Amino acid sequence: MLAAYNYHEIRLPLFEETEVFARSVGVDTDIVSKEMYTFAERDGASLSLRPEATASVVRAYIEHSLFQQPGLTKLYYIGPMFRRERPQKGRYRQFHQLGAEALGPSDHPAIDAEVIEMVLVFIERCGLKATALYINSIGCGTCRPTYVELLRRELKKVESRLGPDSQRRIETNPLRVLDSKVEGEQPIIAKLPSILDHLCKACQEHFDKFQQELKDRGIGYEINHRLVRGLDYYMRTTFEITAPGLGAQDAICGGGRYDGLVELLGGPAGIKGIGWALGIDRFLLALSSQPSAVSAETSGPDVYLAWLGGPTRREALRLARALRQRNLRVEMAYDEAKLRKALELANKLGAQFTVILGEDELKQGKFTLREMASGKQHLLTESELFQRLTTKKH
Ligand code: AMP
């Protein structure tokens, strides 16, 4: 589906030099300061299991000079990520992400809207309903430092009323205080100045156009000025998608723009980027907490192949291969079984059809096709069987 948006898969290593993450994600972030699994190479080099993949994509983009490609380079990845976190529902130390990144010389707000459209279409096709999209702009190198200083000054005034984590962040990363989920801090945070009142002209224009691009695509959203995301490399657009039924960890996808990252990691200046990562584990949790998103019918085999009696085995093996070549999902017994047992198993597996091959069928060169829902049976030649099965397949 991502191919329809002209994205290509990139396969990334599970670990990188620690520097790749430290420089891009940021040394003061929780991910780098507390959550990475870091180990020393024999020569003393420091390596880390990847806590996220954007840094690796950018590293590969630079290493393989992908910036020489015309237009945007659009890449997606899928695989495990590792963070030393306290495990709980929807939060694991090894989890899986599907992610996409668009890199190139343009920062057109239509790119921001298109990557969001793509992930929303993906989510919708998988059948997950009632998700919500939150967006924000966190400014750029021109406007953000002034805002961060203002925020720091305001935070110092209320420091004694904040918890230890937020107190520490006043110095290290004041934006992250806005992310705090600590109950008692919420009324204090609600009164803090908003980044959206302090964007420079260029960032304001980008944010306005980005919203217009979402509207042009019929995408509903809500602005959340506290959505700063935990990683240093983000600028301007940030966004998050939440799903119902997940409790406290309800973010299934997060992303944003990272225009300076390619240069920061040693690539050419002027390359912009935007991307997202969808947490697959949480996404599946959300899907399974919603009634009948994946029906048993679609997850069972198309055909259960019941072969009855020694001489039928070879013919059954040949037929199974021929059916599988026609993209049918086929299950068959490894050992001989009685018809009643075979039908019972086919039912339990949720097979749509059972093909019965007994010695009588073998003699006639035919097959019995049983529709499992209705129990109707038909004696068919091989080509009739193929025709029925390939047209009846959902
Ligand atoms: P992040 O870039 O940290 O916001 O991660 C993007 C998405 O990955 C989140 O919205 C979650 O769905 C998922 N995710 C992040 N950390 C974890 C974790 N420890 N366990 C499971 N899913 C996670």
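Here are some exercises with worked solutions on the predicted model shown above.

**Exercise 1: A helix with two sides**

Task: Work out how far helix α8 reaches from its first C-alpha to its last, and how its buried residues are arranged around the axis.

Solution:

- Step 1. Start with the length. Helix α8 covers residues 201–216, which makes 16 residues. From first C-alpha to last it reaches 22 Å, close to the 22 Å expected at 1.5 Å a residue.
- Step 2. Now pick out what's tucked away. The buried residues of α8 are C203, H206, F207, F210, Q211, E213 and L214.
- Step 3. Look down the axis of α8. The buried residues fall within an arc of 155°, so they line one face of the helix.
- Step 4. Does that pattern ring a bell? An α-helix has 3.6 residues a turn, so residues three or four places apart point the same way.
- Step 5. Check the other side of α8, where K201 and D216 are exposed.
- Step 6. Ask what the buried residues lean on. They pack against helix α4 (109–125) and against the strands β7 (132–137), β8 (222–223), β9 (235–242) and β10 (251–257).
- Step 7. Don't stop at the end of the helix. Just after α8 comes G218, with a positive phi of about 70°.

**Exercise 2: Around the ligand**

Task: Find which residues come nearest to the ligand, and how much of the ligand the protein buries.

Solution:

- Step 1. There are 14 residues around the ligand, and the nearest are R83, E85, Y92, R229 and A251.
- Step 2. Go through the atom pairs. With R83, an N or O atom of the side chain is 2.8 Å from an oxygen atom of the ligand. With Y92, a polar backbone atom is 2.8 Å from a nitrogen atom of the ligand. With R229, an N or O atom of the side chain is 2.9 Å from an oxygen atom of the ligand.
- Step 3. Now the cover. On its own the ligand would expose 480 Å², and the protein buries 93% of that.
- Step 4. See which elements build the shell. Those giving two or more residues are β6 (94–104), β10 and β11 (272–279). The most comes from β10, with three residues.

**Exercise 3: Buried, partly exposed or exposed?**

Task: Sort I252, T354, S194 and L317 into buried or partly exposed, and say where each one sits.

Solution:

- Step 1. You'll need the cut-offs: buried means under 20% relative accessible area, exposed means over 50%, and partly exposed is in between.
- Step 2. I252 sits in strand β10. Its relative accessible area is 2%, so I252 is buried. Its contacts beyond four places in sequence include I123, L128, I241, L246, L278 and F283. The C-alpha atoms of I252 and D281 are 8.7 Å apart, with their positions 29 residues apart along the chain.
- Step 3. T354 is in strand β14, residues 353–357. At 0% relative accessibility, T354 is buried too. Among the residues T354 touches are Y304, A306, L343 and M372.
- Step 4. S194 sits in the loop between α7 (186–190) and α8. Its 11% makes S194 buried. Leaving out residues up to four places away in sequence, S194 touches Y147 and H225. S194 and Y147 are 47 residues apart along the chain, yet their C-alpha atoms are separated by 8.5 Å. A polar atom of the S194 side chain also lies 3.0 Å from the backbone nitrogen of L196.
- Step 5. L317 belongs to helix α12, residues 312–325. With 40%, L317 is partly exposed. L317 and A113 are 204 residues apart in sequence and 50 Å apart in space, C-alpha to C-alpha.

**Exercise 4: Positive phi without glycine**

Task: Compare the settings of R236 and N327: which element or loop holds each, and is each buried or exposed?

Solution:

- Step 1. Check the angles. R236 isn't a glycine, and its phi is near 50°, a positive value. N327 isn't a glycine either, and its positive phi is about 65°.
- Step 2. Place them. R236 lies in strand β9, whereas N327 lies in the loop between α12 and β13 (330–332).
- Step 3. Finish with accessibility. R236 has a relative accessible area of 11% and is buried, whereas N327, at 62%, is exposed.

Methods: Residues are numbered from 1 along each chain as its sequence is written. This is a predicted model: local features need pLDDT of at least 70, side-chain atom pairs count only at pLDDT 80 or more; totals for chains, interfaces and linings use all residues. Side-chain values use heavy atoms; hydrogens and water are left out. Helices (H or I, at least four residues) and strands (E, at least two) are DSSP runs, numbered from the N terminus. The expected span of a helix is 1.5 Å times one less than its number of residues. Buried means under 20% relative accessible area, exposed over 50%, partly exposed in between (1.4 Å probe, protein chains only). The arc is that of the directions from the helix axis to the C-beta atoms. Contact means heavy atoms within 4.5 Å. A residue is near a molecule or strand if one of its heavy atoms lies within 4 Å of it. A polar contact is a pair of N or O atoms within 3.5 Å; within protein, one must be able to donate a hydrogen and the other to accept it, and residues adjacent in sequence count only if both atoms are side-chain atoms. Accessible areas come from the Shrake-Rupley method with a 1.4 Å probe; for residues, only the protein chains shown count as cover.
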